[in-house]
Amino acid sequence: MKIGIIGAGNIGGNLTRRLTALGHDVSVANSRGPQTLTELAEETGATPVPVVEAARDAEIVVVTVPLKAVPDLPSGLLDGADEGVVVIDTGNYYPQQRDGKIAGIEDEGLTESRWTERQIGHPVIKAFNGTFAIDILERARPAGAPDRQALPVAGDDEAAKRKVRALIDELGFDTVDAGGLDDSWRQQPGTPVYGLREGVDGVTKALAAASPERTAEWRA
């Protein structure tokens with residue numbers, strides 16, 4: 001499958017490593033330009049490209065950049081992508097630590113991924129946002145393994161969600177349907193499932209235990 005990854009930090013870099021190892025055709029981009037991705041490209045066989053080319057012909061595009069950088073992504077980001085392209089958003093809102101106040105999230109009450117969806121003008125599926133980057137490399141397990149970790153996945157498009165869940169299964173993790181994008185507050189920072197290293201039952205219980213209240217630690 002042709003996959004574009006926008007953002008080559010910890011999550012983006014490790015997804016590049018795993019997805020190329022699984023045989024996918026991966027293009028990877030960051031804000032500093034393809035010349036800064038030579039080492040990752042040599043390690044993985046991924047193709048370093050400018051951000052505007054990351055989605056070209058891609059069936060899946062992963063947006064894994066700081067939330068404050070999302071509005072700076074180029075317009076027409078998905079031009080040239082596969083007609084049914086699925087966009088995965090891994091982002092989190094860290095108002096005090098990194099992003100500053102984002103009014104749409106704090107004042108309008110948008111979930112973080114709903115806000116991202118509006119910025120890029122395309123539906124997104126929220127996944128990997130509470131996953132430790134190292135786990136992508138080290139905690140993959142075959143289907144049915146008793147210690148297989150599960151990841152929550154939220155989104156409105158059921159077909160797109162199935163595609164993302166199938167990809168996560170291929171990566172070596174179970175998934176739990178966390179509902180629509182307006183339900184994705186259940187997996188945002190500060191919730192019980194965020195950073196949780198448990199299986200399907202544990203993740204399901206953690207999602208159910210979440211509160212929609214955004215605590216002071218996660219407000220600007």
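**Figure 1. What kinds of residue line the largest pocket of this predicted model?** Sort the lining by class and you get 15 nonpolar residues, 14 polar ones and two charged ones. That makes 31 lining residues for the largest pocket. If you want to find the centre, look for Thr-64, Val-65, Pro-66, Thr-90 and Arg-98, which lie nearest to it. Helix H1, residues 10–21, gives the largest share of the lining, with three residues. As for room inside, the space in the largest pocket comes to about 600 Å³.

**Figure 2. Here's the second largest pocket, with a volume of about 340 Å³**. This one has 18 residues in its lining. Nearest the centre of the second largest pocket you'll meet Trp-185, Gln-188, Pro-212, Glu-213 and Arg-214. By class, the lining splits into seven nonpolar, seven polar and four charged residues.

**Figure 3. Six strands sit side by side in an open sheet**. Read across the sheet and the order goes E3-E2-E1-E4-E5-E6, with the pairing parallel. At the edges are strand E3 (47–48) and strand E6 (125–126), and each of them pairs on one side only.

**Figure 4. Zoom in on the sheet and you can follow strand E4 pairing with strand E5**. E4 covers residues 60–63 and E5 covers residues 86–89. These two strands pair in the parallel sense, over four bridges. Which residue in E5 is the bridge partner of Val-62? It's Ile-88.

**Figure 5. Two helices, H1 and H7, meet the strands**. H1 lies across strand E1 (2–6), strand E2 (25–29) and E4. Compare directions and you'll find H1 running at about 165° to E1. Helix H7, made of residues 158–171, packs on the sheet too, and the strands it touches are E1, E4, E5 and E6. The direction of H7 makes about 65° with that of E5. You've already met H1 in the first figure, as the helix with the largest share of the largest pocket's lining.

**Figure 6. Arg-197 and Asp-135 join up in a salt bridge**. Their side chains meet with 2.8 Å from N to O. Where do the two partners sit in the chain? Arg-197 is in the loop between strand E8 (174–177) and helix H8 (200–209), while Asp-135 belongs to helix H6 (residues 133–138). With their positions 62 residues apart in the numbering, the pair links distant parts of the chain. For the whole model, the count comes to 16 salt bridges.

Definitions and conventions:
Residues numbered from 1 in each chain as written. Predicted model: local features only at pLDDT ≥ 70, side-chain atom pairs only at ≥ 80, totals over all residues. Heavy atoms only, no water. 1 Å grid on protein atoms, 1.4 Å probe; cavity = no way out; pocket = protein on both sides within 12 Å on 5 of 7 lines; lining within 4 Å. Points joined across faces, edges and corners; volume = space filled by probe spheres on them. Nonpolar A, V, L, I, M, F, W, Y, C, P; charged D, E, K, R; others polar. Pairing = 2+ DSSP bridges. Contact = heavy atoms within 4.5 Å. Axes fitted to C-alpha atoms, helices over the stretch in contact; angles between N-to-C directions. Salt bridge = Lys/Arg side-chain N within 4 Å of Asp/Glu carboxyl O.
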